[in-house]
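Please look over the sequence and the structure below before reading on. The briefing that follows begins with the chain as a whole and then turns to a few places within it.

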Amino acid sequence: LSSLHLNGRSKIMHIYGPPALQEIVEIQFKHSQTEVRYPIEFHHTTHLKAEVIHQDTEIMVETIILSHRIPCTGFKFSEKQRLPKIIRSKIEELNIPVEYIPLIKKGHPYTDKKGRTYPATELTLPADNPRSYAYCSDTICNWQYLNDIRDVNLLYHESTFMHDMIDRAVETFHTTALQAAEIAVKANAKKLLLGHFSARYRDLTPLLDEARSVFSNADLAIEGETFTL
């Protein structure tokens, strides 16, 4: 936040998190005598129930109730169903005016000057299926949030330990790589990203191998890597 201030940010910053996060940020600003040039608006989340925290014409963001030693939530980003795609060659062939395109995409037929009617299904193609991404940070494996992440295209899930340290995982309210893979299977996720690794693992390959033994379409969440839904 301070770096954005130094880089000249002026646009409002929306921060979603527990009330304690606002306290942490504000006390940091107070004792470092920092006054940012841009407005910050905090939106408090709750760990007691899942809720929609943002919604617009293209996307919906919901919280996921996780189970950690302190209150913790994850987030699910769901793309909304888009309108059908226009078949450009048909539009050009029939010389359909541009202003009719929004109506056709909404399912209205088009009637030309000669009285011939073309149903919208002949002028459009189905839109791509909506995509979704679930982010599950610190949590013990308790299966209670499966329905909240079901059928997601991409699931990020913490995998702090390998399964030979399951006792330590339970003690610290974390998940093993094997459990993360089992969650991906039960949730019918399309792809799994593993993250939040314990510093004890210098080589992360064994965690990936462990997860892939259960769920083959898994990868490591490495800083700088990008993944397409």
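Two residues are said to be in contact when heavy atoms of theirs lie within 4.5 Å. Among the contacts in this chain between residues at least 6 apart in sequence, 57% join residues that are at least 24 apart. The model is a predicted one, and the values below are computed from it.

**Overall form**

- The chain contains nine helices and 13 strands.
- Its radius of gyration is 23 Å, which is well over the 17 Å that the globule rule gives for 229 residues, so the chain is more spread out than a compact globule.
- Measured out along its principal axes by calculation, the C-alpha trace spans about 75 × 50 × 35 Å.

**Surface and charge**

- Of the 229 residues in the chain, 38% are buried, where buried means having under 20% relative accessible area.
- The chain exposes about 14200 Å², and carbon and sulfur atoms supply 51% of that area.
- The chain carries 26 positive and 29 negative charges, and the mean positions of these two sets are 7 Å apart.

**Helix 9**

- Helix 9 covers residues 205-212, and within it Leu207, Leu208, Glu210 and Ala211 are buried.
- These buried residues lie on the same side of helix 9, because they cover an arc of only 160 degrees around the axis.
- A general point helps in reading this pattern: an α-helix has 3.6 residues a turn, so residues three or four places apart point the same way.
- The elements against which the buried residues of helix 9 pack are helix 8 (177-187), strand 12 (191-195) and strand 13 (218-220).

**Threonine 73**

- Threonine 73 is found in strand 5, which takes in residues 73-79.
- The relative accessible area of threonine 73 is 13%, and because the cut-off for a buried residue is under 20%, threonine 73 counts as buried.
- When its neighbours within four places in sequence are left aside, threonine 73 is in contact with Thr45, Thr46, His47, Thr63, Ile64, Ile65, Leu66 and Ser137.

**Aspartate 112**

- Aspartate 112 lies in a loop, namely the one between strand 7 (110-111) and strand 8 (117-118).
- Although it belongs to a loop, aspartate 112 counts as buried, with a relative accessibility of 14%.
- Aspartate 112 and isoleucine 96 are 16 residues apart in sequence, while in space they are 7.9 Å apart, taken from C-alpha to C-alpha.

Terms used:
Residues numbered from 1 in each chain as written. Predicted model: local features only at pLDDT ≥ 70, side-chain atom pairs only at ≥ 80, totals over all residues. Heavy atoms only, no water. Helix = DSSP H or I, 4+ residues; strand = E, 2+ residues; numbered from the N terminus. Rg over C-alpha atoms; globule rule 2.2 N^0.38 Å. Buried < 20%, exposed > 50% of the residue type's maximum accessible area, 1.4 Å probe, protein only. Areas by Shrake-Rupley, 256 points an atom, 1.4 Å probe, with all protein chains shown as cover. Lys, Arg positive; Asp, Glu negative; His and termini not counted. Charge placed at Lys NZ, Arg CZ, Asp CG, Glu CD. Arc of directions from axis to C-beta.
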